[in-house]
Amino acid sequence: MNEQEAAAALREIHGLRQRCGDGRQLAALDDLSTMLEECVATPGSYLWFAGD
């Protein structure tokens with residue numbers, strides 16, 4: 001995803017946090033949020049996910 005898509009995904013993090021049931025899920029969202037923030041802050045960057 002590019003920085004615009006990352007910004008849109010970042011706006012959804014708050015709603016996802018409310019649905020998390022345990023600390024592992026919250027930690028994963030925190031990690032994702034950090035990566036999305038870095039992508040948003042770096043013009044021309046992309047965030048790629050490997051796997052399905």
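Let me start with a cysteine: C20 has a relative accessibility of 23%, so this residue counts as partly exposed. The other cysteine I want to mention, C39, comes out at 4% relative accessibility and therefore counts as buried. Please keep in mind throughout that what we are looking at is a predicted model. As for bonding between cysteines, the structure holds 0 disulfides, where a disulfide would be a covalent bond between the sulfur atoms of two cysteines.

Now to the overall picture, which can be put briefly. The protein has 2 helices and 0 strands, and its C-alpha trace spans about 35 × 25 × 15 Å along the principal axes. Of its 52 residues, 19% count as buried. If we take the contacts between residues at least 6 apart in sequence, 55% of them join residues that are at least 24 apart.

How do the helices sit against each other? Two packed helices are described by the angle between their axes and the distance between the axes. Here helix α1, which covers residues 3-19, packs with helix α2, residues 23-40, at an angle of about 155°, and the axes are 9 Å apart. Angles over 145 degrees count as roughly antiparallel, and α1 and α2 are therefore roughly antiparallel to each other. Their crossing is left-handed. On the α1 side the contact is made by E3, A6, A7, A9, L10, I13, L16 and R17, while α2 brings L26, L29, D30, L32, S33, L36, E37, C39 and V40. Sorted by character, the residues of this contact are 12 nonpolar, 1 polar and 4 charged. You will notice that C39, the buried cysteine from the start of my talk, is one of the residues that α2 contributes to this contact.

Let me turn to two individual positions, beginning with M1, which lies in the segment before α1. With a relative accessible area of 30%, M1 is partly exposed. Which residues does M1 touch, once its neighbours within four places in sequence are left aside? The contacts are with A6, A9, L36, C39, S45, Y46, L47 and F49, and of these A6, A9, L36 and C39 also take part in the contact of α1 with α2. Between M1 and G21, which are 20 residues apart along the chain, the C-alpha separation is 27 Å.

The second position is R24, which is placed in helix α2. At 69% relative accessibility, R24 counts as exposed. From R24 to N2 the distance is 26 Å, C-alpha to C-alpha, with their positions 22 residues apart in sequence.

How values were computed
Residues are numbered from 1 along each chain as its sequence is written. This is a predicted model: local features need pLDDT of at least 70, side-chain atom pairs count only at pLDDT 80 or more; totals for chains, interfaces and linings use all residues. Side-chain values use heavy atoms; hydrogens and water are left out. A disulfide is a pair of cysteine sulfur atoms within 2.5 Å. Buried means under 20% relative accessible area, exposed over 50%, partly exposed in between (1.4 Å probe, protein chains only). Axes are lines fitted to C-alpha atoms, for helices over the stretch in contact, and angles run from 0 to 180 degrees between N-to-C directions. Helices (H or I, at least four residues) and strands (E, at least two) are DSSP runs, numbered from the N terminus. Angles under 35 degrees count as roughly parallel, over 145 as roughly antiparallel, 65 to 115 as roughly perpendicular and the rest as oblique. A crossing is left-handed if the near helix is turned anticlockwise from the far one by less than a right angle, and right-handed if clockwise. Contact means heavy atoms within 4.5 Å. Ala, Val, Leu, Ile, Met, Phe, Trp, Tyr, Cys and Pro count as nonpolar, Asp, Glu, Lys and Arg as charged, and the others, Gly among them, as polar.
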